[in-house]
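Here is a walk through one protein model, written for someone who would rather look than read tables. Keep the structure open and click along.

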Amino acid sequence: EPVIGVLAMQGAVREHVAMLAEAGARGVPVRRAAELSEVDGLVLPGGESTTMSRLLESFELLEPLKARIAEGLPAFGSCAGMILLARQTLDGRPDQQQLGGLDVVVRRNAFGRQVDSFEADLDFAGIGDGPVRAVFIRAPWVEKAGDGVEVLATVGAGDGTARIVAVRQGAVLATAFHPELTPDVRVHRLFVDLVRQAA
Ligand code: GLN
């Protein structure tokens, strides 16, 4: 059974741990750099990306985590976690730190004020048995994706455009929405499969 860390600075840590258990992995909270060497993969929950990047710095996790991700640690970021994994954030705060790992540019709070939060059914590449119900909470979208990035899902935005909301690059997975807030375990299962393949 793979051991998958859940970054425990902010966000739905318990929900991710529970989803990982259902998906066939052991989820463990991660707060210290030393704990990074004990996990086969890492989940970065949602929350507030600016606060999370500050907490990563004060817990002295930012540089060690960047290094582990550069070495190929499988990672799954949801919402603010996606923002942290991107190479660049638009509409971020000036002190926003990036972990890298995903060759994407994300736009923070991209769906705008009128649609702060919404749900949608998404076709998700690589996930069968029907659409994935996606919960978006002040979500980012992917504005630009590099050649090595596979687009897994898009959603229609208010202006009629289709926006990228799920991507994968190697063993790094990210969703603009929160799969840990629905009973559907398929996105977590996809990540556990990526962790198994990387091992
Ligand atoms: N709006 C948040 C941010 O910019 C992300 C929201 C979330 O993670 N649900 O970091």
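Where does Ala125 lie? Ala125 sits in the loop between strand E7 (117-122) and E8. One thing to keep in mind as you look around: this is a predicted model.

Let's stay with that loop for a moment. Ala125 has 13 C-beta neighbours inside 10 Å, so it counts as partly exposed. Setting aside residues within four places in sequence, Ala125 is in contact with Leu152 and Ala153. Asp129 is in the loop between E7 and E8 too. Its phi is near 60 degrees, a positive value in a residue other than glycine. Asp129 counts as exposed because it has 7 C-beta neighbours inside 10 Å.

Asp91 also has a positive phi in a residue other than glycine, near 65 degrees. You'll find Asp91 in the loop between strand E5 (86-90) and strand E6 (102-107). With 12 C-beta neighbours inside 10 Å, Asp91 counts as exposed.

**Into the core**

Now swing over to Leu42, which is 83 residues from Ala125 in sequence and 21 Å from it in space, C-alpha to C-alpha. The largest nonpolar core has 61 residues, and Leu42, Leu85 and Ala174 touch the most other members. The biggest contribution to this core comes from H5, with six residues. Leu42 itself is in contact with Ile4, Gly5, Leu7, Val30, Leu73 and Ala75, leaving aside its neighbours within four places in sequence.

Gly41 belongs to strand E3. Gly41 is buried, since 26 other C-beta atoms lie within 10 Å. Not counting residues up to four places away in sequence, Gly41 touches Pro2, Ile4, Leu73, Pro74, Ala75, Phe191 and Val195. Gly41 and Phe76 are 35 residues apart in sequence, with 8.1 Å between their C-alpha atoms.

Which residues of H5 are buried? They are Val187, His188, Leu190, Phe191, Val192, Leu194 and Val195. Their cover includes strand E1 (3-7), helix H1 (13-22), strand E3 (41-44), strand E4 (75-78), strand E8 (132-137) and strand E12 (172-175). You can also check the helix with a ruler: at 1.5 Å a residue, the 13 residues of H5 (residues 186-198) should span 18 Å, and the end C-alpha atoms are 18 Å apart, which agrees.

**The annotated sites**

An unreviewed UniProt entry places the feature "active site" at Cys79, His178 and Glu180. These positions are spread over 102 residues of sequence, but they cluster in space, with a largest C-alpha distance of 11.0 Å.

His178 is in the loop between E12 and H5, and Glu180 lies in the loop between E12 and H5 as well. Leaving out residues up to four places away in sequence, His178 touches Gly46, Ser78, Cys79, Val135 and Ile137. On that basis, Glu180 is in contact with Ala12, Glu15, His16, Met19 and Ser78.

For "binding site", UniProt (unreviewed entry) lists Gly47, Glu48, Ser49, Arg108, Ile137 and Arg138. They span 92 residues in sequence, yet no two of their C-alpha atoms are more than 12.7 Å apart, so they gather at one spot.

Two of these sit side by side in the chain. Glu48 is in the loop between E3 and helix H2 (49-58), while Ser49 has its place in helix H2. Apart from neighbours within four places in sequence, Glu48 is in contact with Gln10 and Ala80. With that exclusion, Ser49 is in contact with Ala80, Ile83, Leu84, Gly92, Gln96 and Arg108.

Here is how some of the annotated residues are placed:

| Residue | Other C-beta atoms within 10 Å | Class |
|---|---|---|
| His178 | 23 | buried |
| Glu180 | 27 | buried |
| Glu48 | 17 | partly exposed |
| Ser49 | 28 | buried |

**Around the ligand**

Which residues are around the ligand? The shell is made up of Gly46, Gly47, Glu48, Ser49, Cys79, Ala80, Ile83, Arg108, Asn109, Ile137 and Arg138. By character, the shell divides into four nonpolar, four polar and three charged residues. Cys79, one of the shell residues, is also among the positions in the "active site" record.

Methods:
Residues numbered from 1 in each chain as written. Predicted model: local features only at pLDDT ≥ 70, side-chain atom pairs only at ≥ 80, totals over all residues. Helix = DSSP H or I, 4+ residues; strand = E, 2+ residues; numbered from the N terminus. Expected span 1.5 Å × (residues − 1). Buried ≥ 20, exposed ≤ 12 C-beta atoms within 10 Å, placed from the backbone. Contact = placed C-beta atoms within 7 Å. Core = buried A, V, L, I, M, F, W, Y, C linked by C-beta atoms within 7 Å. UniProt positions renumbered as here; feature names shortened; annotations may be inferred. Near = placed C-beta within 6 Å. Nonpolar A, V, L, I, M, F, W, Y, C, P; charged D, E, K, R; others polar.
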